[in-house]
Amino acid sequence: MSRFSICIPAHDRGENGPKWMRELFDSIKKQTLQDFDIVVVDESENDLILDTCKEYSDDFEFTYIKCSHLKDDGITAKWNVGIDECTGDIVKIILSDDIF
């Protein structure tokens, strides 16, 4: 089975951002395939998403990228940054307010 990567572009969603990231991470934990890494590309100006990632650092192999300079460049710019850091043969892009 091929290793896969999950690329999550995240941005500032206020107090809902961490809540939705927790729901996403909890849904990922329920998956049966476990050979994956997660790349979070965060454009927010605060550390709420980083703090949420730290809560799950024992559960997942993470790469966290802070890129607030891409805030106005659109979502595909964040996808490209994240994809460049992915280590899997297959990449799944999922938004920070989705459930996997």
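This passage looks at the sheet and then at the cysteines of a predicted model.

Let's start with the sheet. Four strands make up an open sheet, lined up in the order 3-2-1-4, and their pairing is parallel. At the edges sit strand 3, covering residues 62-66, and strand 4, covering residues 90-93; each of these pairs on one side only. Going from one strand to the next, the twist averages 20 degrees.

One of the pairings can be followed in more detail. Strand 1, made of residues 4-10, runs parallel to strand 4, and four bridges join these two strands. For serine 5, the bridge partner in strand 4 is valine 91.

Now for the cysteines. A disulfide is a covalent bond between the sulfur atoms of two cysteines. Here, the number of disulfides comes to zero, with a pair counted if the sulfur atoms lie within 2.5 Å. So why is cysteine 67 not bonded to cysteine 7, which holds the closest cysteine sulfur? The two sulfurs are 9.8 Å apart, and that is too far for a bond. As for its surroundings, cysteine 67 is buried, with a relative accessible area of just 1%.

Cysteine 86 is in no disulfide either, and the nearest cysteine sulfur again belongs to cysteine 7, this time 4.9 Å away. Because the cut-off is 2.5 Å, a pair 4.9 Å apart does not count as a disulfide. Is cysteine 86 buried or exposed? With a relative accessibility of 14%, cysteine 86 counts as buried, since buried means under 20%.

Key. Residues numbered from 1 in each chain as written. Predicted model: local features only at pLDDT ≥ 70, side-chain atom pairs only at ≥ 80, totals over all residues. Heavy atoms only, no water. Pairing = 2+ DSSP bridges. Axes fitted to C-alpha atoms, helices over the stretch in contact; angles between N-to-C directions. Buried < 20%, exposed > 50% of the residue type's maximum accessible area, 1.4 Å probe, protein only.
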